[in-house]
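Trainee: I'm new to this one, so could you walk me through it and tell me how we know each thing?
Mentor: Sure, have a look first and then ask away.

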Amino acid sequence: MNKVRFILSLGFLLICILFRQPLEADPVKHVLIQLPFLAISGYLFVIGLGELNLRITEPIANALLLVAVFAILFWMLPRSIDATLVNPVVEIAKFISIPVFVGGSLAIGRANSNPFLRGFLKANAISMLGVLSFLYIHAPLRICNSYLVSDQERLGFAFLITAIGLAIAWSIPLFAPPLNKSNV
Amino acid sequence: MRSFIQYLLPSCVVIILGGGALLAATDGFRAFTEESARRLHVAENQPIMPLLELEDMKGDKLMLGQEPYSAGKITLVEFIYTSCPIICQAAGSDYARLRDRLTQAGLSGQARLISVSFDPVQDTPRQMREYAENHGATGDIWTIARIFPPDLDLMKRSFGLRVIPDDMGGYQHNAAIHLLDKSGRLSNIFNIEAVDEVFQAVQRML
């Protein structure tokens, strides 16, 4: 068990809870800060448990990565984003499901999953963010009823920056391969 | 072969369950946004709207809801605020086109158009008359009205209207034309520019 990771996990979760209103008032902060922080909270909590994540087989690890993908897809739906702001039950579900199904699944499944699957999902994550950025920047109507069109455009540009950032970050190992080949 | 199936089985289970969850969350991949979900829900369930009392641009009471308050007419409702610089002005122009289509088809006695203000504090009868004059709403088939403040939340909830303040002292809201049948059921929601579509829906309903 790693106390530092537990404390960090709790810290990320507390930030999301204590600053819920200011974070959710802005779609960029909501989608690109609060939701990732919740996932990071779950991720840190699970890797804080130590050896647990090494005891699973590759098929289960692959399945866990897919659990994270479906959870991300669910919470990226504009309808889900709107629902969290008007329905307390959905809001609570968000605070529980993202740490567990995104952060926790990635923490357990990442290391032991098939490297081709990881690469495939990373490529798809970048392209999905690109599509989302185009959609949010150019949609003439509000995609989320809870946010202004101008905020929607900002979110679109933030998606684009995130996609570029991830593409760069995930490309670096290709030019300077790490010693641990599981980190594809 | 067996090991291959064992390898894929957990992922296949997740794909089936995850796909099912997404299917349920989007009403069968038909509604990805709150607005499309609202329209789908209305088209499939045709909910009865509550009785709402409005004040029109002449200062008269106007009822919105079930018979006898529907005046035996199909009611078309759009939500506006009169100081809106863009969307509500466009909505007014589209409503004028719809009014003309209905009048030309001889249906003006069987349908009524109401532009309802969700900003009753700012939109006084005088403000509403100005908006009406700008768009040619005379009050015969098309009138402008405002909700009374105590009923504002009820109106928003029942119609699924979402209004948020913008950065310029106004609002952004889900602009649409709401079609209520004579019994007060909300039967369909259309884009404000879908004049032909609304006209055809009114014809089908008669």
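Trainee: How much space lies in the largest cavity?
Mentor: About 50 Å³. Keep in mind that this is a predicted model. The structure holds two cavities of 30 Å³ or more, and the second largest has about 30 Å³ of space.

Trainee: What makes the largest one a cavity rather than a pocket?
Mentor: A cavity is space where a 1.4 Å probe fits but cannot get out, whereas a pocket is open. The space of about 50 Å³ is listed as a cavity, so a probe placed there cannot get out.

Trainee: Which residues line the largest cavity?
Mentor: Among them are A:Pro27, A:Val31, A:Cys144, A:Tyr147 and A:Gln152. Helices α3 (27–47) and α8 (149–175) of chain A each supply at least two residues of that lining.

Trainee: How does the lining of the largest cavity divide by class?
Mentor: Into eight nonpolar, one polar and no charged residues. A:Gln152 is in that lining, and Gln is not on the nonpolar or charged lists, so it counts as polar.

Trainee: And what lines the second largest cavity?
Mentor: A:Val31, A:Met76, A:Ile81, A:Tyr136, A:Leu155 and A:Phe159. Every one of these six is nonpolar. Tyr is on the nonpolar list, which is why A:Tyr136 is counted there.

Trainee: Why is strand β9 of chain B called mostly covered?
Mentor: Buried means under 20% relative accessible area, and four of the five residues in β9 (186–190) of chain B are buried.

Trainee: How do you know that β8 and β9 of chain B pair?
Mentor: Pairing needs at least two bridges. Four bridges join β8 (177–180) of chain B to β9(B), so the two strands pair, and they run antiparallel. B:Ile177 stands opposite B:Phe190. The two strands form a hairpin with five residues between them, and B:Gly184 in the turn has a positive phi of about 90 degrees.

Trainee: What do chain A and chain B bury between them?
Mentor: About 2100 Å², 63% of it on carbon and sulfur atoms. A:Phe70, A:Arg79 and A:Asn145 supply 32% of the area that chain A buries against chain B, more than any other three residues. The contact takes 24 residues from chain A and 26 residues from chain B.

Trainee: What lies nearest the centre of the second largest pocket?
Mentor: A:Pro140, A:Leu141, A:Arg142, A:Val149 and B:Ile87, out of 32 lining residues. About 800 Å³ of space lies in that pocket.

Conventions
Residues are numbered from 1 along each chain as its sequence is written. Chains are lettered from A and ligands numbered from 1 in the order in which they are written. This is a predicted model: local features need pLDDT of at least 70, side-chain atom pairs count only at pLDDT 80 or more; totals for chains, interfaces and linings use all residues. Side-chain values use heavy atoms; hydrogens and water are left out. On a 1 Å grid over the protein atoms alone, a cavity is a set of points where a 1.4 Å probe fits but cannot get out, and a pocket is an open set with protein on both sides within 12 Å along at least five of seven lines; lining residues have an atom within 4 Å of a point. Grid points are joined across faces, edges and corners, and a volume is the space filled by probe spheres set on the points. Buried means under 20% relative accessible area, exposed over 50%, partly exposed in between (1.4 Å probe, protein chains only). Contact means heavy atoms within 4.5 Å. Buried area is the accessible area (1.4 Å probe) that two parts lose on being put together, summed over both.
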